[in-house]
Structures are given as C-alpha cells and as structure tokens.
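Subject: Structure handover

Hello,

Here is the structure for your files. Please open it alongside this message; my notes follow below.

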Amino acid sequence: MKYVAPLTDVEIQTLHAMHRYHPSRRARMRAHGLLLSHQGVSMPQIACMYQVDYRSVSSWIDQWQTRA
C-alpha cells in the first residue's frame with residue numbers, strides 16, 4: 001500500500017492551510033487526502049471518503065512527491 005512520504009512540520013502546516021483556505025474545492029480535497037495519508041489512512045479509505053477512484057489518490061501522492 002502506498003502512503004505519502006513523511007511530511008515535515010512546514011509541509012503539514014502548508015497542507016492544513018490549503019485544506020482550510022484554498023479557493024478550489026479540489027485542492028482542499030487533495031490537501032486533506034495527503035494529510036490523511038500521512039496519518040496512515042489507506043488510499044481506498046481516502047477514495048471512499050471523497051468518492052473518487054483510489055488511482056486518483058495515488059496520483060495526488062505521486063504529484064506531491066515529485067514536486068516536493
């Protein structure tokens with residue numbers, strides 16, 4: 001099972017801010033999904049919460065890790 005790589009305190013703060021304040025609902029959803037993954041929630045569980053395919057969650061993780 002894939003999870004996001006351990007996040008730094010700054011990354012966690014950034015994702016929390018995105019989850020709360022980003023104008024795009026999709027960006028807020030992705031930020032929260034990454035935080036959940038960091039906490040050990042599985043991709044299928046996150047996908048179920050947001051009613052997306054687990055491959056979407058996998059893509060969020062991949063995109064985060066290639067940009068970080």
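Which residues line the largest pocket? Leu15, Met18, Arg30, Ala31, Leu34, Trp60, Gln63, Trp64 and Arg67 do. Bear in mind that this is a predicted model.

The pocket

The volume of the largest pocket is about 160 Å³. Three elements each give two or more residues to its lining: helix 1 (9-21), helix 2 and helix 4. Helix 4 has the largest share, with four residues. Sorted by class, the lining has six nonpolar residues, one polar residue and two charged residues.

Helix 2 against helix 4

Next, the pairing of these two helices. Helix 2 covers residues 25-38 and helix 4 covers residues 54-67. Their axes come within 10 Å of each other and cross at roughly 85°. Angles of 65 to 115 degrees count as roughly perpendicular, so that is how helix 2 and helix 4 lie to each other.

Which residues of helix 2 and helix 4 meet? From helix 2 come Met29, Arg30, Gly33, Leu34 and Ser37. From helix 4 come Trp60, Ile61 and Trp64. By class, this contact has five nonpolar residues, two polar residues and one charged residue.

Arg30, Leu34, Trp60 and Trp64 are worth selecting in your viewer. They are among the residues in the helix contact, and they are also among those lining the largest pocket.

Two residues of helix 2

Start with Ser37, which is in helix 2. Is Ser37 buried or exposed? Its relative accessibility is 3%. Buried means under 20%, so Ser37 counts as buried. Leaving out residues up to four places away in sequence, Ser37 touches Tyr3, Val4, Ile46 and Ile61. Ile61 is one of the helix 4 residues in the contact described above.

Then Leu36, also found in helix 2. Its relative accessible area is 9%. That is under the 20% cut-off, so Leu36 is buried. What does Leu36 contact, leaving aside neighbours within four places in sequence? The partners are Val41, Ile46 and Met49. Ile46 is thus listed for Leu36 and for Ser37.

One distance to note: Leu36 and Gln63 are 27 residues apart in sequence. Their C-alpha atoms are 16 Å apart in space. Gln63 is one of the residues lining the largest pocket.

Best wishes

Notes: Residues numbered from 1 in each chain as written. Predicted model: local features only at pLDDT ≥ 70, side-chain atom pairs only at ≥ 80, totals over all residues. Heavy atoms only, no water. Axes fitted to C-alpha atoms, helices over the stretch in contact; angles between N-to-C directions. Parallel < 35°, antiparallel > 145°, perpendicular 65-115°, else oblique. Contact = heavy atoms within 4.5 Å. Nonpolar A, V, L, I, M, F, W, Y, C, P; charged D, E, K, R; others polar. Buried < 20%, exposed > 50% of the residue type's maximum accessible area, 1.4 Å probe, protein only. 1 Å grid on protein atoms, 1.4 Å probe; cavity = no way out; pocket = protein on both sides within 12 Å on 5 of 7 lines; lining within 4 Å. Points joined across faces, edges and corners; volume = space filled by probe spheres on them.
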